[in-house]
Number of protein chains: 2
Amino acid sequence: MLFIHMVERNDTDHLSTVLKATSDPKRRSILTLLAQEGPLRITDIAARFDISLNAVSKHIKVLEAAGLVTRRTEWREHLIEVQMGPLSLVDQWFNELRSIWALRLDALEAALKEDDND
Amino acid sequence: MLFIHMVERNDTDHLSTVLKATSDPKRRSILTLLAQEGPLRITDIAARFDISLNAVSKHIKVLEAAGLVTRRTEWREHLIEVQMGPLSLVDQWFNELRSIWALRLDALEAALKEDDND
DNA sequence: CACTCATTCACCCCAATGGTTGACTGACCA
DNA sequence: TGGTCAGTCAACCATTGGGGTGAATGAGTG
């Protein structure tokens, strides 16, 4: 089983991890870079940003834990690839929140209409 | 001008703030509560969760800074109301990332087809 | 003016985060 | 086997973050 480190206790935790991972501008830049250039090595990523190799390595680990990135160790290099999957977890939660909110407004509106009839 | 504290230096910062604000499970719970029950006082919110009034006050400030919540000081109470607006900022960024990614895949596919013709 | 209630402020605590440097592992090359 | 390159580990530092307590503010109410 690959991606063991990506498994989370529950969805709430995973959602938190994804949101936190994307909340850092540098990590978002990394994701964008990977999206446009395809799989890259840690070293390549470090070269683009004014950041130490070590710092990039840590960022990648955070993204990896969120499942936003996977690692393909090929040859002696680690190829890092972006993954869009986890984003839908966020979409899902947002839409849930929005629908809960809309539901309440609908009920409120209905109640007001009811009031009109009195 | 209302919502001065909500104004951010730039969109990137605002996006980070929104993502960070939503990355905390307790804050997400607060947002959900507000979505289903409508505007509530800080005290009301604190009563639902096993958390001090002070902690809630801090969370609200974080959500407020992200624009995910607004405060209507009515009477002697602060009514906190959820705002869906900032969520679309995240949607937007996600969709941008996805389209950058898709674009690269399309180009790759085209290149492969080109290769077939040789 | 005194009292109460809602919220914030000022600190303190501790855990986590982003960053650094320097040493280490592991794979390939000569 | 010695060298070089990719990446991680370990230790450290400064900052932030979530939480708590107790005092202060500020707007009603009596």
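Let's start where the two protein chains meet: 30 residues of chain B touch 30 residues of chain A. Keep in mind that this is a predicted model. Putting the two chains together buries about 2800 Å², and 70% of that area sits on carbon and sulfur atoms.

There is some polar chemistry here too. The rule picks up 2 salt bridges across the interface of chain B and chain A. In a salt bridge between A:D91 and B:R98, the side chains come to 2.6 Å, N to O. Counting pairs with both residues at pLDDT 80 or more, the interface also has 10 residue pairs in polar contact. On the chain B side, the elements that give two or more residues are α1 (11-22), α2 (25-37) and α5 (87-117). Of these, α5(B) gives the most, with 11 residues. Sort the residues on that side of chain B by type and you get 16 nonpolar, 8 polar and 6 charged.

Now zoom in on a single residue, B:H59, which you'll find in helix α4 (residues 53-65) of chain B. Is B:H59 buried or exposed? Its relative accessibility is 15%, and the cut-off for buried is under 20%, so B:H59 counts as buried. Leaving aside residues up to four places away in sequence, B:H59 touches B:D24, B:K26, B:R27, B:I30 and B:I51. Take B:D24 from that list: B:D24 and B:H59 are 35 residues apart along the chain, yet their C-alpha atoms are separated by 9.3 Å. With B:R27, the link is a polar contact between the two side chains, at 3.2 Å.

Next, follow the protein over to DNA strand C. Which of the 19 residues around the strand come nearest? They are A:H59, B:T43, B:N54, B:S57 and B:R71. On the DNA side, sugar and phosphate make up 59% of the strand C atoms that come within 4 Å of the protein.

Both chains contribute to this surface: α2 (25-37) and α4 (53-65) of chain A, plus α3 (42-48) and α4 of chain B, each supply at least two residues. By type, the residues near DNA strand C divide into 4 nonpolar, 7 polar and 8 charged.

A few individual atom pairs are worth pulling up. A:K58 reaches a base, with a polar side-chain atom 2.5 Å from a base oxygen of DNA strand C. B:K61 goes to the backbone of the strand instead, where an N or O atom of its side chain is 3.1 Å from a phosphate oxygen. B:H78 also pairs with a phosphate oxygen of DNA strand C, through a backbone N or O atom at 3.2 Å.

Definitions and conventions
Residues numbered from 1 in each chain as written. Chains lettered and ligands numbered in written order. Heavy atoms only, no water. Contact = heavy atoms within 4.5 Å. Buried area = accessible area lost by both parts, 1.4 Å probe. Salt bridge = Lys/Arg side-chain N within 4 Å of Asp/Glu carboxyl O. Polar contact = N/O pair within 3.5 Å; in protein donor to acceptor, adjacent residues only side chain to side chain. Helix = DSSP H or I, 4+ residues; strand = E, 2+ residues; numbered from the N terminus. Nonpolar A, V, L, I, M, F, W, Y, C, P; charged D, E, K, R; others polar. Buried < 20%, exposed > 50% of the residue type's maximum accessible area, 1.4 Å probe, protein only. Near = heavy atom within 4 Å.
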